[in-house]
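Visitor: Before we begin, could you show me the sequence and the structure that we are going to discuss?

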Amino acid sequence: MSFQYDIAKAGCPIDCKYCVITKVDSRRDLWNKHTIIGINKAVTILNPPPDMNDEQAVKEFYAFPLDLFEGDYVGFNAISDPFWGIYEKELDYFLENVSPRAKLITCVTKFPISDKTFEKLAKYKNFRLIVSITGLDSIEKSNTQSRLLNLRKAKEYGIEAFPICHPYIAGMSDLSFLSELKSIGYDYIDVKGLRYNHQNMSSWMPKTSQKYYIGTNENEILPEDGWREKLIQEGFKLKSLKSWYRKDNLTPKLTLEDAKEKVQQILKFANITSSDTDQAVIDAAIQRRL
């Protein structure tokens with residue numbers, strides 16, 4: 001796969017001021033090398049081209065060998081929001097063609113999801129919806145109430161869903177949504193930290209928050225400033241997204257030899273996007289196929 005982009009210019013409807021792909025130098029450089037596949041310890045991710053007017057890139061997306069996803073946990077579109085309307089055709093292609101091959105398929109979103117889309121998603125029993133709910137309405141072009149509505153509708157449509165606070169920013173993330181989230185029927189949540197870039201983030205972040213992050217060199221930081229106690233107070237238990245994906249006994253299951261071969265082939269196209277070692281990501285990718 002040959003296409004490269006300045007992803008920061010490609011756009012995203014949510015436009016988070018802390019965007020890990022466009023505002024964090026080390027991640028922007030990583031994603032600008034390749035865009036079609038990302039891989040971490042939880043999932044492998046298939047990305048449509050950031051520029052949907054690039055005919056060659058679109059051809060390469062549709063030419064990607066989907067059999068490499070057999071037995072894997074596969075996400076759609078990590079470099080923008082998967083439910084942005086410009087990707088509707090590609091989302092349909094993903095749902096229809098990856099679902100029969102993968103153990104599960106998933107989307108992580110901050111976008112308001114229509115009833116029409118919920119009806120579509122409900123048809124795929126191995127689909128999992130992840131809603132990123134951060135309490136950072138002032139620095140995202142999407143609000144907490146729309147994400148609570150997504151999580152409420154997922155219950156109504158019988159879609160397995162999971163909330164993740166990613167990132168939690170000390171002194172800024174408003175966790176008052178927890179009580180409503182609990183009333184909807186959710187008991188588990190994942191909380192992830194922030195990768196801080198002073199040049200791109202100091203203009204909007206209060207100095208009282210910056211003190212937690214200055215000098216952390218874009219490492220993911222999750223300060224202990226009381227968020228954990230708030231979760232306990234509202235009756236939530238922490239669960240990693242990776243472990244939530246793996247809670248069910250899913251099929252198909254590959255042999256160890258086949259799993260290693262599939263992962264080896266995927267890595268020819270992939271950016272490894274985890275904070276952990278490459279080998280840890282490879283081992284996890286093999287294990288989830290077994």
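Visitor: Is Asn217 buried or exposed?
Guide: This is a predicted model, and in it Asn217 lies in the loop between helix 8 (207–210) and strand 9 (220–221). Its phi is near 55°, a positive value in a residue other than glycine. Because exposed means over 50% relative accessible area, the 65% relative accessibility of Asn217 makes this residue exposed.

Visitor: And Glu218, is that residue buried or exposed?
Guide: Glu218 is also placed in the loop between helix 8 and strand 9, and its phi, near 65°, is again positive in a residue other than glycine. Since the cut-off for buried is under 20%, a relative accessibility of 12% means that Glu218 counts as buried.

Visitor: Which residue stands opposite Asp190 of strand 7?
Guide: Strand 6 (residues 160–165) pairs with strand 7 (residues 188–191) in the parallel sense, over two bridges. Within this pair, the residue that stands opposite Asp190 is Ile164.

Visitor: What is the handedness of the crossover from strand 6 to strand 7?
Guide: The chain leaves strand 6, passes through helix 6 (residues 178–184) and arrives at strand 7. The loop between strand 6 and helix 6 contains Pro167, which is joined to His166 by a cis peptide bond with omega about 5°. As for its handedness, this β-α-β crossover is right-handed.

Visitor: Which residue in strand 10 is the bridge partner of Ile189?
Guide: Strand 7 also pairs with strand 10 (residues 237–238), in the parallel sense and over two bridges. In strand 10, the partner of Ile189 is Leu238.

Notes. Residues numbered from 1 in each chain as written. Predicted model: local features only at pLDDT ≥ 70, side-chain atom pairs only at ≥ 80, totals over all residues. Heavy atoms only, no water. Pairing = 2+ DSSP bridges. Helix = DSSP H or I, 4+ residues; strand = E, 2+ residues; numbered from the N terminus. Right-handed = clockwise from strand over helix to strand, strands pointing away. Buried < 20%, exposed > 50% of the residue type's maximum accessible area, 1.4 Å probe, protein only.
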